[in-house]
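Visitor: I would like to go through this structure with you, taking its charged residues and its ligand in turn.

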Amino acid sequence: AEEIATIDNSHRAPAGVIEVPSRLLMGPGPANAHPRILAAQTLPLLGHMHPPFLKIMDELSEGLRYTFQTNSKYTLMVSGTGHAGMEAAIANLVEPGDKVVVGNAGIWGERVAILSRRYQADVVEIKVPSGQTFSYETLKRTLLEHKPAVLFLCQGESSTGTHQSLAGLGDLCRQTGTLLLVDTVCSLGGVPLFADQWGVDCIYSGSQKCLSGPPGASPFFMSERAMEKLQRRKTPPATYNLDMNLIGDYWGWFGKRSYHHTAPVSTFYAMREALALVAEEGLEAMWARHQELHHRLWDGLRSMGLKPFVEKDEDRLITVNTIKVPEGVDWAAVVKNAMDTYSLEIAGGLGPTVGKIWRVGIMGFNAKPQNVDLVLDAFRDGLKRQGKL
Ligand code: PMP
């Protein structure tokens, strides 16, 4: 007979209803979610194959077509955060031995290089100093020299606050037989993107930044060209969880629907609302709102003598703003004071920029004048407390 075991009560989940403080998230993400998006998450669950839920998935695909500006049928939400989209892109587009040129302008390029090596890519990493972007000429030279299978660029490099221009690259990539892969985690909905007109082949993004959703869904897009490459593979992607043939088959890309995994049903409700909000406001209005608030932030910061980390105007990402920490200023004390006094998150640097910069996100639902003004108050107060203003 089986021995009777005694219950161990030494570890128990805390009893009672969860409580969380209310904070204004003006760092590089997540941003605060729109209340309508949060409300959608409280709706009753549906089964992940129930027709009303499949209809919501169709609405997500269609909403993403607008948000990415594409006619491709291959749009969906990868179940997972931006990293899941990143891994899905590399795992599906790259076959072992393929050459991948990775534009490393900060930690997101660095991660894509690491990830690509794990999928046995022959990685050519190109770098720029922190706070700079790749010129068209450099990318052209690199593409012509290597004729890679994939070129990776990060449109909004949140570790440095740079915006990578994609102008003209789609045409070049077509000449060299290269698929153009772009990270838009920090930029989608905040800055212009025209997937089809710019000849982009694959995009992954995030739910918790300019789209004002909760973390956990990664907007994803593949062009016809990218899909052809996936169909031509000699071996299936080394990941089952992120195999886009299998996920696409759940999303109806190939005319039927097969179970692959249980969609995060409530997160998808939230993203359905997020994309409805994008459509209601309109992309041009969203981009203009982000631009206007970026200027409002910098007018205020400059009046305090603060300077941008990114030297060139045209290289500056408007959604994640990077600010030089002046000589002798304790950056961490400013961050701590913002949280303690204003319940406001602003962030320090990431990777090589730690200690050198602050990062202020102005994204989605949080992109409002009163929030920018509160950030400015927090900087003014933080600097005054150190006798630096
Ligand atoms: N790429 C960029 C540019 C990001 O800013 C982030 C998140 N900070 C990611 C990728 C990764 O996204 P996640 O944290 O949602 O996995």
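Guide: Leaving aside neighbours within four places in sequence, Glu 95 is in contact, meaning heavy atoms within 4.5 Å, with Gln 120, Lys 229, Arg 233, Lys 234 and Thr 235. This is a predicted model, in which local features need pLDDT of at least 70 and side-chain atom pairs count only at pLDDT 80 or more, while totals for chains, interfaces and linings use all residues. Residues are numbered from 1 along each chain as its sequence is written, and side-chain values use heavy atoms, with hydrogens and water left out.

Visitor: Which side chain of opposite charge is nearest to Glu 95, and how far away is it?

Guide: Glu 95 is buried, that is, under 20% relative accessible area, where over 50% is exposed and in between is partly exposed (1.4 Å probe, protein chains only). Lys and Arg count as positive and Asp and Glu as negative, with His and the chain ends not counted. Glu 95 has no salt bridge, a term that requires a side-chain nitrogen of Lys or Arg within 4 Å of a carboxyl oxygen of Asp or Glu. The nearest side chain of opposite charge is that of Arg 233, at 4.5 Å.

Visitor: Which backbone nitrogen does the side chain of Glu 95 reach?

Guide: The side chain of Glu 95 reaches a backbone nitrogen at 2.7 Å. That nitrogen belongs to Lys 234.

Visitor: How much of the accessible area of the ligand does the protein cover?

Guide: The residues surrounding the ligand, with a heavy atom within 4 Å of it, include Trp 108, Cys 154 and Gln 208. A polar side-chain atom of His 83 lies 2.6 Å from an oxygen atom of the ligand, and a nitrogen atom of the ligand is 2.7 Å from an N or O atom in the side chain of Asp 183. Of the 390 Å² of accessible area (Shrake-Rupley method, 1.4 Å probe) that the ligand has on its own, the protein covers 87%.

Visitor: How many residues apart are Arg 257 and Asp 58?

Guide: The side chains of Arg 257 and Asp 58 meet in a salt bridge, with N to O at 2.6 Å. Asp 58 lies in helix H2, whereas Arg 257 is in the loop between helix H8 and helix H9, the helices being DSSP runs of H or I with at least four residues, numbered from the N terminus. The pair links distant parts of the chain, and its separation is 199 residues.

Conventions: A polar contact is a pair of N or O atoms within 3.5 Å; within protein, one must be able to donate a hydrogen and the other to accept it, and residues adjacent in sequence count only if both atoms are side-chain atoms. Helices (H or I, at least four residues) and strands (E, at least two) are DSSP runs, numbered from the N terminus.
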